[in-house]
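Q: I am new to this structure. Please take a close look at one pocket, and then go through the ligand site and a few single residues.

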Amino acid sequence: MKGNTGKIININLSTRSIAIETLPEEWYRLYIGGSGLAAKIFQERGDFSLDPLAPEAMLIFMNGPFAGLKLSGASRGSVAGCSPLTGHWGDSSCGGYFAPELRYCGFDGLVVTGRAAEPSLISIEGEQVTLLPAAQYWGRGTEEATRLLKEGFGKDSRSMMIGPAGENGVKFANIIHEGQNAAGRAGFGALMGAKNLKAVVVKARKKEMALADAEGYEILRGDLNGRINDALASSVLRENGTAANLIGGVYSGDVPVKNWTSNFWEEAAEALNGTTLTEKYLTRRTGCLYCGIACKRIVEVKEEPFAVPEGGGPEYETIVAFGTLLGSLDLAATCKASRLCNDSGVDTISCGATIAWAMEAFEKGDLTREDTGGLALHWGDMTAVLDILLPAIVKKEGKLGALLAEGSREAARRLGKGLDYTAQSKGLEAPMHDPRGGGYGLALTYAMSARGTCHVADPMLFIEMGARYYPEIGFEYILEPQSEKDKAAAAAVSVALGAIENSACFCQFADAEVTIPDWLALFKTVAGYEWDAEEFLRAGRRIFYLKRLINGRYGLSGKDDDLTPRMRAPGSGGEADGARFDLEKMKARFYEIMKIDPESGLPTKAALADCGMADELDKLTAECP
Ligand code: SF4
């Protein structure tokens, strides 16, 4: 096998068994790697009756075929399984250095089941896999634990780990890598914690990959790196980070404000923009392995009350989730929030969104002082958020901390109020892009995403911005963001491309410069696949369908392809004032184009047959009434 190694590690923490497995080569060709291959493993081996945090639950770490290449955007990896936050399929992408290091060790991924009897870690050094006690790291934040692990395993070791939030079972706990990169979404930190697994540490002994056509790849790499790194969008990201264009988002109505009650706050354009972060707090720029874009930030805030020593800085999502969404324009507070969330191991999107929901619930009187333990929750009170509320959530402390640690949908259900003003789909809190201003197509792909509202499940966000065209496949729509016209057809291509991006574990920022012929050449030179554009898109549709089939086994149907009333309400303020999308209309057309049954939400037999996966539907109907 080329590109991929063909090998994964199966670890049962209960029995302490470790086995190296060679996966069928056909699975790689059909499901690529990353979240697609993880979904195939889960579909074949998952027990769909399990509680997401049951010891037998599967936690999958999976590389794409390109991990380890010296190519911008190719160093990401996936974490996947049944989401503790949503109770159905979930996957999460993480940048940094872990995926390449795992590939250099000779593995494409690992599947972890069982529950260790004591706090443990998995060490992968070359091909040597060992289960070790980890009591000395348990209870520590990710910054300190990362430092200690590097002291113990070498400074060139790379780890994925949980913080106290994962240990305590916070449902939106994440998995952190090198203190700053996160497999952020869907709560897999809680699953690691339930397994008593503090960290997975990898350290390669050699850095080699076998490619199908090394010479051809080298020529392609030079061309692609040049185009990716020199692109205007890349230089903007490098200079001012992922919040570089927050200013544009504010004016288009893409930036949600105060729990999505508005999508316009003009002062945020200056106060929270990436340029302001650069001027006030940036000390260094950094990025994932071999990436010339280097969009990540290192910051330092000297002034109180939100001083933070030099370290990882906030990305766009964190700046908005702990900024306008909470009624705050304090950029220093977002730096501190980013640092605390990463150190504790919580997803900044779900955490900020859940706190925003709580603030509105308090304002409405749905959450009382009795519910909050006397704490007043007011918009923009970042001292209360960072000093009291966030630590309470991480520790699940008190009635309020325990309630909010469940995420917004479950918190509203337990409270018996406020479900209508959560901003989520399928239980996953919405990211910080508001489709009422950003583009109606995004509302459609938010609703269709298997894991729940997700802006990186596919490139629709960029397509509606006009930043992506695929003329090679006749995809040349001129899309008006605030219109339903052509959105279903665009989404049908977008979800297939997104499934490929997330299975190849390729960064969306770098992918902007990768054309369809480039993709085909990459798969050919690295993995040896002789695909044409149709076969390539078919692979994407196959993976998109497979995740829906998995959700079908959890009982989800077409009704779950929805957004909450708060997200569907007319836009309020600025250019998007009064903007309202017709989700039903776009959904109906999308189902038709994608051959999905509107009631069950499942792909039809014809759709599956077209993708060479008709047998998958039989599995579903055999097991579900
Ligand atoms: S653009 Fe940023 S997130 Fe993407 S691979 Fe490069 S450094 Fe990582």
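A: The pocket comes first, then the loop between two of its strands, the ligand site and some individual residues.

The model is predicted. Its second largest pocket has a volume of about 430 Å³. A set of 20 residues lines this pocket, and those nearest its centre are Glu 178, Gly 179, Gln 180, Ile 298 and Gly 312. By class, the lining is made up of 10 charged, eight polar and two nonpolar residues. Four elements each supply at least two lining residues: the helix α4 (142-153) and the strands β13 (282-286), β14 and β15. The largest share comes from α4, which gives four residues.

Two of those strands, β14 (296-301) and β15 (308-312), are joined by a loop that holds Pro 305. The peptide bond leading from Glu 304 into Pro 305 is cis, and its omega is near 10°.

Next is the ligand. Around the ligand are Gly 73, Arg 76, Gly 287, Cys 288, Cys 291, Ile 293, Ala 294, Cys 295, Lys 296, Cys 507 and Phe 509. This shell contains seven nonpolar residues, together with two polar and two charged ones.

Two loop residues have backbone angles to note. Arg 16 sits in the loop between β1 (7-12) and β2 (17-22). Its phi is near 65°, a positive value in a residue that is not glycine. Arg 16 has a relative accessible area of 48%, so it counts as partly exposed, since that class runs between the 20% limit for buried and the 50% limit for exposed. Asp 486 belongs to the loop between α21 (460-465) and α22 (487-504). Asp 486 is not a glycine either, yet its phi is positive, at about 65°. Its relative accessibility is 30%, and therefore Asp 486 is partly exposed.

The last residue is in a helix. Lys 524 is part of α24, which covers residues 516-527. It counts as partly exposed because its relative accessibility is 42%. Apart from neighbours within four places in sequence, Lys 524 is in contact with Ala 212, Tyr 529 and Glu 530. One of these partners, Ala 212, is 312 residues away from Lys 524 in sequence, while the two C-alpha atoms are 7.2 Å apart in space.

Key. Residues numbered from 1 in each chain as written. Predicted model: local features only at pLDDT ≥ 70, side-chain atom pairs only at ≥ 80, totals over all residues. Heavy atoms only, no water. Near = heavy atom within 4 Å. Nonpolar A, V, L, I, M, F, W, Y, C, P; charged D, E, K, R; others polar. Buried < 20%, exposed > 50% of the residue type's maximum accessible area, 1.4 Å probe, protein only. Contact = heavy atoms within 4.5 Å. 1 Å grid on protein atoms, 1.4 Å probe; cavity = no way out; pocket = protein on both sides within 12 Å on 5 of 7 lines; lining within 4 Å. Points joined across faces, edges and corners; volume = space filled by probe spheres on them.
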